[in-house]
Amino acid sequence: MEGDSGAPEAPPANANAALSRVPERPFPPAAARVPASRGSDRLARAQPGLAGLGRAEPRAWQRAGRAGRTPRRPGRGLRPPPRPAGAGGRLQAPADKRPPGPGRPARAARRGAWPSPAPDRLRSSWYPDVTRMWSPPATISLFLLLLLLGQTPPCRPQSLGTKKLRLVGPGSRPEEGRLEVLHQGQWGTVCDDDFALQEATVACRQLGFESALTWAHSAKYGQGEGPIWLDNVRCMGTENSLDQCASNGWGVSDCSHSEDVGVVCHPQRQRGYFSERVSNALGPQGQRLEEVRLKPILASAKRHSPVTEGAVEVRYEGHWRQVCDQSWTMNNSRVVCGMLGFPSQVPVNSLYYRKIWNLKMKDPKSRLKGLTSKNSFWIHRVDCLGTEPHLANCQVQVAPRRGKLQPACPGGMHAVVSCVAGPRFPSPKVKPWHKESRAEQELKVRLRSGAQVGEGRVEVLVNRQWGTVCDHRWNLISASVLCRQLGFGSAREALFGAQLGQGLGPIHLSEVHCRGYEQTLSDCLALEGSQNGCQHENDAAVRCNIPDMGFQNQVRLAGGRSTEEGVVEVQVEVNGVLRWGTVCSDHWGLTEARVACRQLGLGFANFAIKDTWYWQGTPEAREVVMSGVRCSGTELALQQCQKHGPVHCSHGTGRFSAGVSCTNSAPDLVMNAQLVQETAYLEDRPLSLLYCAHEENCLSQSADHMDWPYGHRRLLRFSSQIYNLGRADFRPKTGRHSWIWHQCHRHYHSIEVFTHYDLLTLNGSKVAEGHKASFCLEDTNCPTGLQRRYACANFGEQGVTVGCWDTYRHDIDCQWVDITDVGPGDYIFQVVVNPTNEVAESDFSNNMMRCRCKYDGQRVWLHNCHTGDSYRANAELSLEQEQRLRNNLI
């Protein structure tokens, strides 16, 4: 088979001579027997301390000793006829006789079989005529003899390109368990004969792990069920999947489930192993189920968007078919609704729909009557458990067993499904969700850093602190439970390896295991994230199915240099007629641009453009049809934002139409709140040291009236550390040619106001303020293995790389709030990063950090510091409730 790396075995010059040699050496010589486990000596060299996991004797000799009979060769029969290797017809040495590589003993020797000859004597001592083409009559005679002896010649397994592997077992971790393979729609096990570290490595790589640590024999992880699909699997260790290894063939085995092999993989995932996607290409029987939709029947359902009720139609081999309602269950409805983006389903009035069906069948002009007589119009039967993310994973029967001789849906009608939309996609029949369930109160969930609605990094709220979920054992079933909890449908993709960005703070959950019917993620089995050493590079993410609202067809871009930029043109109803036009750029900002890019399906907004004279829009859509647009950022479309009733645009049409530039990835800055809390202190700084700071407006206005250089100012100082946890580098909006030079401090400002500091009363009134320009936006600290890219020294490039920190120490100018004029009391200290939203980010909810502040006139305490998205404002603790205050007076 093409792509097999195991070498085909070459025969002797005379096949009959080979048969005659078999009885002469039924046992290996004493020197060739290996008393240790197969490959255990090699494993001991590769992994010290693991050699004791092997067996004391080869498996064939153990079975023979227990049964009191003469053991057979571990190869389980005679050798197969050879096959040419490549177009040239050259024959390679047998797989068991190939020269051992570094650290790899000969296969036959470690199995306790015949000793392997030296590589240079391979052809002369064993097969002297191996270089000659072997005759077809010898092959035929060997094959016939094998049939007479009742032996099936070993063969190579079929391609595993569409096969799946999994590790299962009682209480096993995600990287270890009994090895099972999916073949012909049924899971089966693998026999441990000939299985060693090479085979385990191939299996682990196919499962998405970097490598294998060891393997386990004799059903250590429990005995499996069903067929034993593979036996005598032999790999070199360099193959990408098990289909490139030799074996006896599918289902050819003399093992029992007491010999099921287990595998222990290295927990680290492969770099490119990012997601588990819904595979709608093949169902268990090989049918192609591409899409599903609901065809509305009632007039009220046709007017509603999204469509939540109608007849189920499945796209099969390029054609739409309806599904017979016989044996249709609510589990089937649950899967269909999940695919369409709805979290749940409700029963339908089947009697009412049956009356409508009967009326159409009696109508001689009805086209439906003629279509129902054709089997090509029906999907005969669907059988789902209700936990599947796609109909392709259900048992589907397209036509009855007897084909066209039997109607596909005798006496039945099409299956009708009614779905319930989530709170963001309200249905007129269902009241909005106001009350929180018990489980939702116990464990909050949210998605972060996703470009589209229904996708993002998974975060959960435990003990009033948001944290992430480790991707160990994260799969589509658990992801679907999360998606339904958030009001979306089932999951279409479960992502691994922090593909949607790394989070901060604790990792609350790991090895989440859901059955599929749980109401919330808290109902699923899980471990604490700290129990298995997860890092934020293993943060799990998800992409959920969402309903089709049709919003993407109501906006477009025109005139841009690429499909990701241009003048925003929207479709609105004007005097009862749908018309295309532009959006007035008055009040047009980054928040509105984000909604437009999300509606277009283009990700995040990179720029909000107010002057688009250089982009020629569509000629028939140059009239302004929308003005005064104000969005909160959570809307699904510009049509949902606040806007003027009558259109009023001060700039008129033409060059001042709104435009956008979209991007798939964006940065995301967040402040290290704990560092601010730990480093805050008061300093009375002499005016003689504040000339440059005064020049950059870093002091209160009362400093203008002081007798310089005599006197001092009281400053609340602290260190700040800003982290980029997005998926793109944070760069200044303007290039170096626009940076502002400050002679006193002798540095450039790439962003004039990068952070803003405020001291507020408890009712929100501002009593003091400060700001910090980005005079040196750079990678101060990066994790191990990540190269620093930005350094502002010598007029270098400024920015913050993904995963790096930009630190401003407490002892630099303007890293303070001037509180000279502030009296003692309780306050709120607030820091805002990128306060004017000058640079686009994926999430602005975490740009604000707040602390409770107590000032007695001489000392200051900061406590309960948290970012704006840490938890709700009413969850903040008062100073008296804080148990562990830190005296930050220095």
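Buried means under 20% relative accessible area, exposed means over 50%, and partly exposed lies in between (1.4 Å probe, protein chains only). Helices (H or I, at least four residues) and strands (E, at least two) are DSSP runs, numbered from the N terminus.

The model is predicted: local features need pLDDT of at least 70, side-chain atom pairs count only at pLDDT 80 or more, and totals for chains, interfaces and linings use all residues. Residues are numbered from 1 along each chain as its sequence is written, and side-chain values use heavy atoms, with hydrogens and water left out.

**Strand E15**

Strand E15 spans residues 416–420, and five of its five residues are buried. Val416, Ser418 and Val420 point one way from E15. Val417 and Cys419 point the other way. In a regular strand the side chains alternate between the two faces of the sheet.

E15 has pairing partners; two strands pair if DSSP finds at least two bridges between them. Strand E9 (residues 309–316) runs antiparallel to E15, with three bridges joining the two. Here glutamate 309 stands opposite serine 418. Strand E11 (residues 344–346) also pairs with E15 in the antiparallel sense, over three bridges. Glutamine 345 stands opposite cysteine 419.

**The chain as a whole**

The chain holds 16 helices and 41 strands. Of its 890 residues, 52% are buried. The exposed surface is about 41600 Å², with 50% supplied by carbon and sulfur atoms. These areas come from the Shrake-Rupley method with a 1.4 Å probe; for residues, only the protein chains shown count as cover.

Contact means heavy atoms within 4.5 Å. Among contacts between residues at least 6 apart in sequence, 71% join residues at least 24 apart.

**Nonpolar cores**

A nonpolar core is a set of buried Ala, Val, Leu, Ile, Met, Phe, Trp, Tyr and Cys residues joined through side-chain atoms within 4.5 Å. The largest one has 54 residues. Val312, Val382, Leu391, Trp474 and Val542 touch the most other members. Helix H13 (residues 476–485) gives this core its largest share, five residues. A second, separate core has 33 residues, including Val839, Tyr855, Val860 and Cys865. In soluble globular proteins, nonpolar side chains tend to be buried together.

**A three-stranded sheet**

An open sheet has the strand order E30-E31-E38, with antiparallel pairing. Its edge strands are E30 (681–686) and E38 (816–818), and each pairs on one side only. Neighbouring strands are turned by 35° against each other on average, direction ignored. That angle rests on axes fitted to C-alpha atoms, for helices over the stretch in contact; angles run from 0 to 180 degrees between N-to-C directions.

Six bridges join E30 to strand E31 (residues 712–717). One bridge pairs arginine 685 with arginine 713 in E31.

**Aromatic pairs**

Rings of Phe, Tyr and Trp (its six-membered ring) pair if their centres lie within 6.5 Å; planes under 30 degrees apart count as stacked, over 60 as edge-to-face and the rest as tilted. The whole structure has 12 such pairs.

The rings of tyrosine 691 and tryptophan 708 are tilted, because their planes stand at 45°, with centres 5.1 Å apart. Tyrosine 691 sits in helix H16 (residues 691–695), and tryptophan 708 in the loop between H16 and E31, 17 residues away. Tyrosine 691 is partly exposed at 44% relative accessibility. Tryptophan 708 is buried at 18%.

Phenylalanine 718 and tyrosine 757 form an edge-to-face pair, with centres 5.1 Å apart and planes at 85°. Phenylalanine 718 lies in the loop between E31 and strand E32 (720–724), and tyrosine 757 in strand E35 (residues 755–760), so the pair ties together parts 39 residues apart in sequence. Both phenylalanine 718 and tyrosine 757 are buried. Elsewhere, Trp357, Phe377 and Trp378 form one aromatic cluster.

**Backbone details**

The peptide bond from tryptophan 708 to proline 709 is cis, with omega near 0°. Proline 709 lies in the loop between H16 and E31. Two non-glycine residues with positive phi are listed here.

| Residue | Phi | Loop | Relative accessible area |
|---|---|---|---|
| Arginine 473 | about 65° | between strand E18 (465–469) and H13 | 32%, partly exposed |
| Asparagine 697 | about 60° | between H16 and E31 | 59%, exposed |
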